[in-house]
Amino acid sequence: MLCKPSNSTNSTVRVGMPPAWGPSPTAATSYFPPFLTCHCGQMRVLIIGGGLGGLGLAQGLEKNGVEATVFERDRTLTARPQGYRLHVDSRAADALRQCLPPDLYDLFEQTTSRPSHRVTVLTPQLKTLKTIETGPGFSTSVDRLTLREILSTGLPDLRFGAQFTHYEPRNGTIRAHFADGTSADGDLLVGADGIGSRVRSQYLPHARIVDTGTRCVYGRTPLAAVEDRLPAPLRDGFCPVTDRRGLGLALGLVQFRTKPSALGLTAHEDYVMWSLAARGSRLDQEPADLIRTWHPDLRNLIDRATPEATFEIRIRTSKPVRPWTPTAVTLLGDAIHAMPPSRGSGANLALFDAATLCTRLTDIGGYEDVMRRVGFAAVRGPRSYWPRWFRR
Ligand SMILES: Cc1cc2nc3c(=O)[nH]c(=O)nc-3n(C[C@H](O)[C@H](O)[C@H](O)COP(=O)(O)OP(=O)(O)OC[C@H]3O[C@@H](n4cnc5c(N)ncnc54)[C@H](O)[C@@H]3O)c2cc1C
């Protein structure tokens with residue numbers, strides 16, 4: 001029997017009801033109910049994509065004795081630039097508490113940044129336009145690589161360099177095929193392969209991803225290089241800077257509670273993540289040129305960035321998809337409800353989906369109802385990539 005719950009004496013996997021989506025709970029409560037008992041026999045789950053959602057799901061399944069394999073196309077966790085700082089709130093924290101064993105959840109908490117208390121919207125001359133208190137709930141940030149390292153720890157079957165190409169239903173199971181000519185059979189195939197999902201394009205070819213027309217240059221500046229000239233509000237939380245003519249700079253400080261290297265993870269120093277966003281071709285200019293009239297401390301922050309850590313992305317989003325008939329193929333995270341990074345929600349929701357799927361493994365339709373409702377509500381949000389305060 002492959003299903004062997006870690007904290008139960010019988011050989012069943014516990015499956016629970018979907019969480020009600022509502023206001024943020026406090027740290028003491030959880031969106032996720034305890035698992036209920038149901039039988040899923042020798043279920044084998046194939047997870048395509050070893051990003052946040054795929055790894056989170058694999059951890060949750062492993063914790064509950066369900067056999068799962070993660071297939072990740074990249075050769076290593078660091079093969080591509082994918083951004084640095086991730087805002088995480090109680091959606092991610094609750095999901096991780098559910099999916100991770102206590103020692104890994106502890107590692108997650110220890111490597112979070114100092115909590116965020118407020119968002120401060122600034123002018124290019126560092127005048128405060130607005131402050132928004134973030135409230136008492138869990139609100140902080142993590143480094144993406146650090147979190148992925150934690151999520152990868154202890155997984156029995158995580159395969160790198162495995163690029164999924166397509167699947168085929170086969171005698172009541174699903175066969176996944178890979179670019180190197182290999183294949184794998186499972187009872188459930190989960191597309192956790194991000195915004196460009198191959199699983200989605202085969203399973204739901206009508207689902208649409210659209211380019212918002214906004215481009216964004218991401219960078220990272222070591223805190224030590226700018227500490228003496230750091231805009232003070234950054235110490236309290238995220239800071240969007242707007243020229244109110246469509247150019248925006250978002251700043252987020254990552255000050256690890258405990259340095260990852262002290263916990264056996266890849267070393268990172270404290271840093272400031274910045275992203276400069278504009279529509280159309282404005283970003284053809286160098287970031288330093290675009291902000292040449294801005295406050296010297298902001299220019300200093302961009303000037304002192306680590307050059308090899310700077311990269312550009314197009315901001316894309318997804319169109320809501322009508323319910324479909326559940327089968328042995330499903331999707332989670334960006335593979336189905338991708339949204340612009342500016343919402344600070346995509347990672348939180350990928351982990352939320354992972355935890356929800358763990359509680360609904362034998363009720364894929366029920367999982368998908370929750371996943372679509374919560375995910376596409378976040379996608380719909382404000383129409384534009386630009387939050388209100390960035391607009392002209
Ligand atoms: C710069 C940036 C900043 C962001 N900031 C935030 C933030 O502050 N807060 C927040 O909540 N969200 C943020 N997001 C969004 C967040 O990163 C995503 O929503 C989240 O990573 C989605 O998780 P996922 O597991 O669904 O997909 P991903 O994390 O994208 O993982 C998908 C994985 O699938 C793999 N894959 C793809 N195709 C294949 C294939 N054919 N075969 C095998 N493997 C494949 C990929 O290599 C990747 O590892 C940010 C995004 C970016 C780009």
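This is a guided tour of a predicted model of a protein chain with a ligand, going from the whole chain to selected places.

Before selecting anything, note that residues are numbered from 1 along each chain as its sequence is written. Because the model is predicted, local features need pLDDT of at least 70, side-chain atom pairs count only at pLDDT 80 or more, and totals for chains, interfaces and linings use all residues.

**The whole chain.** Select the protein chain, which has 11 helices and 19 strands; these are DSSP runs numbered from the N terminus, with helices being H or I of at least four residues and strands being E of at least two. Of its 392 residues, 45% count as buried, a residue being buried if 20 or more other C-beta atoms, placed from the backbone, lie within 10 Å of its own, exposed if 12 or fewer, and partly exposed in between.

**Confidence.** Colour the chain by pLDDT, the predictor's confidence in each residue from 0 to 100; the mean is 87, and 87% of the residues reach 70 or more. Now select residues 33-39, where the pLDDT is below 50, and then residues 383-392, where the pLDDT is also below 50.

**The ligand.** Select the ligand next and show the 33 residues that surround it, with Gly49, Gly51, Gly83, Gly333 and Gly346 as the closest; a residue is near a molecule if its C-beta atom, placed from the backbone, lies within 6 Å of it. The elements that give two or more residues to this shell are α1 (52-63), β5 (85-89), α9 (334-337) and α10 (346-359), and α10 gives the most, with 4 residues.

**The sheet.** Move to the open sheet of 5 strands, whose order is β9-β4-β3-β13-β19 with parallel pairing; two strands pair if DSSP finds at least two bridges between them. Strands β9 (158-159) and β19 (329-331) stand at the edges with a single partner strand each, so one side of each is left without a neighbour in the sheet. Select β3 (residues 44-48) together with β4 (residues 67-71), which pair in the parallel sense over 5 bridges, and find Val45, whose bridge partner in β4 is Ala68.

**A loop residue.** Where does Ser261 lie? Ser261 is found in the loop between β16 (248-254) and β17 (271-279), and Ser261 is exposed, because 12 other C-beta atoms lie within 10 Å. Finally, add Thr111 to the selection: Ser261 and Thr111 are 150 residues apart in sequence and 9.9 Å apart in space, C-alpha to C-alpha.

Methods. Two residues are in contact if their C-beta atoms, placed from the backbone, lie within 7 Å.
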